[in-house]
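Open the model in your viewer and set it to cartoon, with side chains ready to switch on. The stops below say what to select next and what is there.

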Amino acid sequence: MKIRLMTFHTPKNYGAVLQAYSLMSYLSRNGDDVKVIDYNTPALRAKYPIIPKGRGFKHLAYNLIMLPTYGRKRKKYQKFDAFVQHNFRLTERYESLAGLTSAPPEADAVITGSDQVFNPSRIAEERKAFYLDFVPEGVRRISYAASFGMSAVPEDRREEIAAYLQKFDAISVRESTGIGIVRALSGKTAVEVLDPVFLNDKSFWRGVEKPYRKDFGRYLFYYRLMGAAGSDDIARKIAAEKKLKLVVMTDGLMRWKADRVLRDVGPEEFLYLTDHADFVVTDSFHGVAFSLLFEKQFAFSDGNPATRERGVNLLRAAGLEHAATGAGEGQAPQLDYTGIHERLAGAENASRAFLTEALRG
């Protein structure tokens with residue numbers, strides 16, 4: 001069976017690249033012909049510049065302060081490009097929606113997902129691409145763990161999004177809020193599934209990871225994506241409480257000292273650093289996901305209501321809301337993975353079953 005994936009594989013973002021790799025790898029196990037559609041436009045590439053673009057004195061001052069770090073950031077970007085080049089099976093490159101529409105890849109089924117492929121705030125060309133508007137009649141259209149990235153679709157986009165959803169043969173979403181959105185717009189029934197990284201187990205991911213160039217001994221790994229002050233405080237408090245070195249992975253400006261600040265970490269090294277940490281603090285959804293997969297003691301530190309729900313939704317599925325609530329005071333929760341495995345196993349099996357049935361038709 002020819003299966004093509006429409007997903008985010010171009011961002012310099014650990015979760016985006018690893019979820020795409022996970023879905024491709026899982027679907028390939030049965031001998032199917034699986035490739036990621038190389039939709040790689042100038043607009044998508046521009047979202048991750050090495051030197052952030054902006055105007056005004058504050059932005060200029062920020063770039064001057066961060067200038068010494070951009071060399072390590074460039075190395076990180078090179079590692080991302082190498083990971084995709086060496087590990088992904090890609091179609092021909094599509095630089096625009098027009099090219100994708102005029103010569104779509106030959107397929108029996110096209111799957112869009114995961115992450116915010118359904119976000120209505122994307123530009124018109126990206127909405128058409130990620131909602132599979134280019135897919136010819138007769139080819140199955142499936143979404144896997146798609147996220148809207150918001151609790152409701154804006155009024156001026158509802159009719160457009162509804163028309164896209166009507167053409168899908170099977171719809172699954174990553175957050176429970178997406179089920180209601182799909183029903184309200186299209187009348188279709190969506191299924192909640194886990195992020196694609198959960199389609200593969202701990203041993204699979206350990207086969208992907210590679211050691212970082214330095215050994216830190218006993219350390220707390222802080223995957224700092226948002227970089228809010230409250231999240232920083234949680235990481236510092238727990239590191240001090242447990243007497244661990246504070247190792248921070250970030251692209252942002254550090255307002256306080258850490259034992260190590262890492263800015264050149266590739267996808268395989270991110271897995272290694274998570275797996276070998278004594279404790280993990282993260283404000284990232286995929287930071288939570290890989291902490292669960294590697295059975296780490298961790299705390300979810302995102303306090304922003306606009307982004308927090310994605311992580312809390314995953315914690316809820318594992319019965320771990322306290323990994324977020326207890327962290328608010330810098331308290332390190334103790335997680336028992338016996339019960340966590342039991343809760344996640346059912347969701348993992350249901351997620352795999354959805355893919356099997358959706359592709360079987």
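A residue is called buried under 20% relative accessible area, exposed over 50%, and partly exposed in between, using a 1.4 Å probe and protein chains only. This is a predicted model, in which local features need pLDDT of at least 70 and side-chain atom pairs count only at pLDDT 80 or more, while totals for chains, interfaces and linings use all residues. Residues are numbered from 1 along each chain as its sequence is written, and side-chain values use heavy atoms, with hydrogens and water left out.

**Stop 1: Val281**

Select Val281, which lies in strand β11. Helices (H or I, at least four residues) and strands (E, at least two) are DSSP runs, numbered from the N terminus. Val281 has 0% relative accessibility and therefore counts as buried. Which residues does Val281 touch, not counting residues up to four places away in sequence? Contact means heavy atoms within 4.5 Å. The list is Leu220, Phe221, Tyr222, Tyr223, Ile234, Ala235, Ile238, Ala299 and Ser301. For a distance check, pick Ala229: Val281 and Ala229 are 52 residues apart in sequence and 13 Å apart in space, C-alpha to C-alpha.

**Stop 2: the sheet with β11**

Now select the strands of the open sheet that runs β10-β9-β8-β11-β12; these 5 strands have parallel pairing. Two strands pair if DSSP finds at least two bridges between them. β10 (260–262) and β12 (298–300) are at the edges with a single partner strand each, so one side of each has no neighbour in the sheet. From one strand to the next, the twist averages 15°. Axes here are lines fitted to C-alpha atoms, for helices over the stretch in contact, and angles run from 0 to 180 degrees between N-to-C directions.

Zoom in on strand β8 (residues 219–223) and strand β9 (residues 245–249), which pair in the parallel sense over 5 bridges. Take Phe221 as a marker: its bridge partner in β9 is Val247. Then add α11, which packs on this sheet and touches β8, β9, β10 and β11 (279–282). The direction of α11 makes about 135° with that of β8.

**Stop 3: α11 against α4**

Keep helix α11 (residues 267–275) and add α4: the two pack at an angle of about 105°, with their axes 8 Å apart. α4 and α11 are therefore roughly perpendicular to each other, a label used for angles of 65 to 115 degrees (under 35 is roughly parallel, over 145 roughly antiparallel, and the rest oblique). Show side chains for Lys79, Phe80, Phe83 and Asn87 in α4, which meet Pro267, Glu268 and Glu269 in α11. By class, this contact has 3 nonpolar, 1 polar and 3 charged residues. Ala, Val, Leu, Ile, Met, Phe, Trp, Tyr, Cys and Pro count as nonpolar, Asp, Glu, Lys and Arg as charged, and the others, Gly among them, as polar.

**Stop 4: α3**

Move to helix α3 (residues 57–66), where His59, Asn63 and Met66 are buried. Viewed down the axis of α3, the buried residues fall within an arc of 70°, so they line one face of the helix. The arc is that of the directions from the helix axis to the C-beta atoms. What covers these buried residues includes α4 (70–87). Turn to the other side of α3 to find Phe57, Lys58, Leu64 and Ile65, which are exposed.

**Stop 5: the other sheet**

Select the open sheet of 7 strands in the order β3-β2-β1-β4-β5-β6-β7, again with parallel pairing. Its edge strands are β3 (90–94) and β7 (191–192), each pairing on one side only. Strand β2 (residues 33–39) is mostly covered, with 5 of its 7 residues buried. Strand β1 (residues 2–6) pairs with β2 in the parallel sense over 4 bridges, and Lys2 has Asp33 in β2 as its bridge partner. Strand β4 (residues 109–112) and strand β5 (residues 140–146) also pair in the parallel sense, over 4 bridges; the partner of Ala109 in β5 is Arg140.

**Stop 6: backbone details**

Follow the chain into the loop between β4 and α6 (124–130), the place of Ser114. The peptide bond from Gly113 to Ser114 is cis, with omega near -15°. Asp115 is in this loop too, and its phi is near 60°, a positive value in a residue other than glycine. Asp115 is buried, with a relative accessible area of 15%.

Finish at Glu295, in the loop between α12 (285–293) and β12. Phi of Glu295 is near 55°, also positive in a residue other than glycine. Glu295 is partly exposed, with a relative accessible area of 31%.
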